[in-house]
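Q: I'm new to this one. Can you walk me through the structure?

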Amino acid sequence: MEWVTPGHPLFEALHRHGLDAAQPAFARGACFYSLSRETPARLDVYRARVVDGLARTINERLFAVELSEDGERRQRDPSYLRNLIPAETPDPLPNAASAPEATAWLMETALTPFLEKIRTERAEEIDRIAEHVELSLTEVLHRIDQEIGRADDDVKSGKPGAEGRLAQAETRHADTLARRDKRRDEL
């Protein structure tokens, strides 16, 4: 069952094969009847993803834009597709089928507000995480500093094994400091 996972060579080969086989149908598009429309229109569906600075997908959403023959644009909920009934392709195609994509309109009315909403939510989350990272790692560094101080006192007084404890504490301190700096850069 492991081949069902994205990234597995067999999965990827089947995915590419299915996509290649479907390209002619994707290029033709599809025709549907809608009981909510009197005149022909085209429905373009877009997928938008918000990706963070570490290339991880934060949020993903579908957007649907309805283009009518008179050039009117309207954002539709993707669930609007459920209300459509498959139909034969008319000959000739309506003018809406060859209208240019409304990407600039979509960017202005839907994608930019979507991005700003995610950015605001994410900024609050990042601030909360940054505060926690600073507090927790600063406290860890403080405790390691105290341990270094005790080990240094033990080295000065000649206790056995104190030099090893001091070296270990200094290594932990350097690692924790590097970890805090890495987290700051990531955030």
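A: Sure, one term up front. Helices (H or I, at least four residues) and strands (E, at least two) are DSSP runs, numbered from the N terminus. Residues are numbered from 1 along each chain as its sequence is written. The model is predicted: local features need pLDDT of at least 70, side-chain atom pairs count only at pLDDT 80 or more, totals for chains, interfaces and linings use all residues, and side-chain values use heavy atoms, with hydrogens and water left out.

Q: OK, pockets. How much space lies in the largest pocket?
A: About 980 Å³. A pocket is found on a 1 Å grid over the protein atoms alone: it is an open set of points where a 1.4 Å probe fits, with protein on both sides within 12 Å along at least five of seven lines. Lining residues have an atom within 4 Å of a point. Grid points are joined across faces, edges and corners, and the volume is the space filled by probe spheres set on the points.

Q: Which residues are the closest to its centre?
A: A30, C31, F32, A41 and R42, out of 29 that line the largest pocket.

Q: And which elements supply at least two residues of that lining?
A: Helix α1 (9-28), strand β1 and strand β2 (41-51) each do. The largest share, 5 residues, comes from β2.

Q: How do the residues of that lining divide?
A: Into 19 nonpolar, 4 polar and 6 charged. Here Ala, Val, Leu, Ile, Met, Phe, Trp, Tyr, Cys and Pro count as nonpolar, Asp, Glu, Lys and Arg as charged, and the others, Gly among them, as polar.

Q: What about the second largest pocket?
A: About 370 Å³ of space lies there. Its lining has 17 residues, and D52, G53, R122, I126 and E186 are the closest to the centre. β2, α2 and α3 (162-186) each supply at least two of the lining residues. The largest share, 7 residues, comes from α2. The split is 10 nonpolar, 1 polar and 6 charged.

Q: D52 caught my eye. Which side chain does D52 meet in a salt bridge?
A: R56, at 3.4 Å, N to O. A salt bridge is a side-chain nitrogen of Lys or Arg within 4 Å of a carboxyl oxygen of Asp or Glu. In general, side chains of opposite charge can pair when their charged atoms come close.

Q: Is D52 buried or exposed?
A: D52 is buried, with a relative accessible area of 16%. R56 is partly exposed, at 48%. Buried means under 20% relative accessible area, exposed over 50%, and partly exposed in between (1.4 Å probe, protein chains only).

Q: What are D52 and R56 linked with in a network?
A: R122 and E125, through salt bridges.

Q: How many salt bridges does the rule count?
A: It comes to 16. Two of them sit in helix α2. R143 and E139 meet at 3.2 Å, N to O. Being 4 residues apart in helix α2, they are separated by about one helical turn. R143 is exposed, at 54%, while E139 is partly exposed, at 36%.

Q: And the other?
A: K156 with D152, the closest N and O atoms being 3.4 Å apart. K156 and D152 are also 4 residues apart in α2, so about one helical turn separates them. K156 is exposed, at 67%, and D152 is partly exposed, at 29%.

Q: New topic. Which residues form a nonpolar patch on the surface?
A: Y33, L35 and I85, with about 390 Å² of accessible area together. Patches are made of residues with over 30% relative accessible area and no salt bridge: like charges are joined within 9 Å, nonpolar side chains (Val, Leu, Ile, Met, Phe, Trp, Tyr) within 5 Å. Accessible areas come from the Shrake-Rupley method with a 1.4 Å probe; for residues, only the protein chains shown count as cover.

Q: Where does Y33 lie?
A: In strand β1 (residues 32-34). Y33 is exposed, at 57%.

Q: What kind of peptide bond joins D91 and P92?
A: A cis one, with omega about 5°. Most peptide bonds are trans. P92 lies in the loop between β5 (84-86) and α2 (103-157). P92 is exposed, at 66%.

Q: How many Å apart are P92 and V51?
A: 41 Å, C-alpha to C-alpha, and they are 41 residues apart in sequence.
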